[in-house]
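Got your viewer open and ready? Let's take a walk through this chain, one selection at a time.

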Amino acid sequence: MHSVFRIGDIRKLDKKSPLYEVDLKLTSDDDQQLRQLTDRIREEVNGTGWYRMGHLLLKIGQFDKAEELYMALLEQAPNDSDKAHIYHMLGMMKYGKGQYTEAASFYEMSLEIYRRTLPEDHPSLANTYNNIGGVYYNMGDHSKAVEFYEKTIKIKEKALSPDDPDLALSYNNIGLVYKNMGDYSKALKFYEKALKIREKALPSNHPDLAASYNNIGLVYDTMGDYSKALEFHEKALKIKEKSLSPNHPSLATSYNNIASVYDNMGDHSKALEFYEKAHKIFEKALSPNHPSLATSYSNIGGVYNNMGDYSKALEFYEKDLEITKNALPSNHPSLATSYNNIGMAYSGKGDYLKALSFLEKALVIFQKSLPPNHPNIKAVTSSIDNVKKKM
């Protein structure tokens with residue numbers, strides 16, 4: 001094994017300097033946690049030669065380098081099978097960059113080639129169905145996402161053992177869709193299935209285990225069980241701090257989630273502290289028009305809104321809206337959330353005409369993209385009624 005260090009403490013040298021002092025501890029060859037983690041990563045990075053290099057680049061978030069490599073491989077692809085694989089990996093790359101329309105295009109090109117020779121329920125199609133489901137989810141089409149995730153699960157439950165981590169991934173994905181559809185009991189059911197598999201199959205510091213803790217924490221937060229939510233989010237953060245670099249976007253996601261719980265508990269200063277930690281990472285790690293950066297602006301705006309500082313809230317909500325309008329389809333629920341947030345901030349300021357305009361835009365999108373009994377539709381309808389009473 002090459003030299004690998006554990007990161008201890010990270011300290012800024014002084015307020016004016018951009019330099020940091022980092023305490024490193026050299027690991028030993030008999031470090032069992034590190035060996036388990038690296039063995040698992042080797043298993044997860046598939047392929048040989050340049051194909052394996054491309055997969056590794058995707059795993060570590062080097063999307064531009066992966067794109068350059070895969071486009072070069074595509075020009076030299078000797079057969080349709082290789083082309084289908086490369087299109088699939090290009091879809092993964094675009095998905096990682098938040099470019100969902102382009103991701104869907106590459107995945108569909110891959111699927112078209114595979115369908116020429118394989119039946120609909122062939123095991124080789126499971127990952128493509130799964131990834132197409134992910135694209136539809138991020139584009140706000142939850143029913144389509146469930147359709148493709150169910151195809152994936154049907155194949156995997158026949159082809160894999162009940163404790164296979166790949167099956168856990170599919171349970172996790174469909175759980176996420178149900179959470180965003182407002183069906184929290186179904187979401188929790190699938191998240192717990194995924195966690196049960198991962199706790200058996202993965203080392204205790206594996207990032208996928210952190211993802212399961214994180215997702216269960218999100219459901220408990222939404223259900224109002226904040227102590228349970230913090231318990232699971234802190235488990236996720238503990239793993240990520242050990243296994244990821246200090247500027248990894250996944251670490252920022254945990255900071256975001258912990259901030260959300262504190263905000264819901266009414267501890268706004270603590271919430272702002274964690275949201276700002278997350279935002280600094282997103283600014284360094286993501287492109288300026290990435291949807292996750294928009295969400296980060298929205299989260300900070302939400303804290304200021306809850307503190308009654310509506311002008312400051314609008315400043316961040318408008319930054320969120322600018323990115324969201326450019327990055328996502330016009331009927332995406334996240335765009336409706338942006339309009340809703342701006343409407344509520346204007347309502348707080350007493351500008352009810354502007355508030356009504358933005359809230360009605362939000363309602364139109366929610367009604368198109370969500371089930372009729374979704375809590376978001378009920379909430380924005382109630383807000384519109386309240387604003388009309390004040391006008």
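Start by selecting Asp221, a residue with a small puzzle: this charged side chain is buried, yet no salt bridge holds it. The nearest side chain of opposite charge belongs to Lys179, and that is 7.8 Å away. A salt bridge needs a nitrogen within 4 Å of a carboxyl oxygen, so Lys179 at 7.8 Å doesn't make one with Asp221. Keep in mind that what you're looking at is a predicted model.

So what is Asp221 in contact with, leaving aside its neighbours within four places in sequence? Select Tyr226, Ala229, Ser260, Val261 and Asn264, and you have them. Asp221 itself lies in helix H10, which covers residues 207–223.

**Zoom out for a moment**

Switch to a cartoon view. The chain has 18 helices and two strands. Of its 391 residues, 45% are buried. Now think about contacts between residues at least 6 apart in sequence: 51% of those join residues at least 24 apart. If you turn on the surface, you're seeing about 20100 Å² of accessible area, and carbon and sulfur atoms account for 50% of it.

**Stop one: stacked rings**

There are 14 aromatic pairs in the whole structure. For one of them, select Tyr220 and Phe232: these rings are stacked, with 5.9 Å from centre to centre and 20 degrees between the planes. Why does this pair tie together separate parts of the chain? Tyr220 lies in helix H10 while Phe232 lies in helix H11 (residues 226–243), so the pair joins parts that are twelve residues apart in sequence. Both Tyr220 and Phe232 are buried.

Next, select Tyr346 and Phe358. This is another stacked aromatic pair, with centres 5.9 Å apart and planes at 20 degrees. Tyr346 sits in helix H16 (residues 333–349) and Phe358 in helix H17 (residues 352–369), so here too the pair ties together parts twelve residues apart in sequence. Are these two rings buried or exposed? Tyr346 has a relative accessibility of 11%, so it counts as buried. Phe358 is buried as well, at 17%.

Before you leave the rings, select Tyr129, Tyr136 and Phe148 together: ring pairs link them into a cluster.

**Stop two: charges over rings**

Go back to Phe232 and add Lys235 to your selection. The charged end of Lys235 sits over the Phe232 ring, 5.2 Å from its centre. For another example, select Lys319 and Phe316: Lys319 lies over the face of Phe316, 5.4 Å from the ring centre.

**Stop three: salt bridges**

Now for the opposite charges that do meet. How many salt bridges are there? The count comes to ten.

Select Lys97 and Glu67, whose side chains meet in a salt bridge at 3.6 Å, N to O. This one links distant parts of the chain, 30 residues apart: Lys97 is in the loop between helix H4 (80–96) and helix H5 (100–115), and Glu67 is in helix H3 (residues 63–75). Glu67 counts as partly exposed, with 21% relative accessibility. Now add Asp64 and Lys94 to the selection, and you'll have a network of salt bridges that links Asp64, Glu67, Lys94 and Lys97.

Move on to Arg116 and Asp80, another salt bridge, this time at 3.2 Å, N to O. Arg116 lies in the loop between H5 and helix H6 (126–138), and Asp80 lies in helix H4, so this pair ties together parts that are 36 residues apart in sequence. How open is each partner? Arg116 counts as exposed, at 53% relative accessibility, whereas Asp80 counts as partly exposed, at 38%.

**Last stop: one helix, one turn**

Finish by selecting Glu273 and Lys270, whose side chains meet in a salt bridge at 4.0 Å, N to O. They're three residues apart in helix H13 (residues 268–285), which means about one helical turn separates them. Glu273 is partly exposed, with a relative accessible area of 35%, and Lys270 is partly exposed too, at 29%.

While Lys270 is still selected, add Ala259. These residues are eleven places apart along the chain, and their C-alpha atoms are separated by 6.9 Å.

Note on methods: Residues numbered from 1 in each chain as written. Predicted model: local features only at pLDDT ≥ 70, side-chain atom pairs only at ≥ 80, totals over all residues. Heavy atoms only, no water. Helix = DSSP H or I, 4+ residues; strand = E, 2+ residues; numbered from the N terminus. Buried < 20%, exposed > 50% of the residue type's maximum accessible area, 1.4 Å probe, protein only. Contact = heavy atoms within 4.5 Å. Areas by Shrake-Rupley, 256 points an atom, 1.4 Å probe, with all protein chains shown as cover. Lys, Arg positive; Asp, Glu negative; His and termini not counted. Phe/Tyr/Trp six-rings, centres within 6.5 Å; stacked < 30°, edge-to-face > 60°. Lys NZ or Arg CZ within 6 Å of the ring centre and 35° of its normal.
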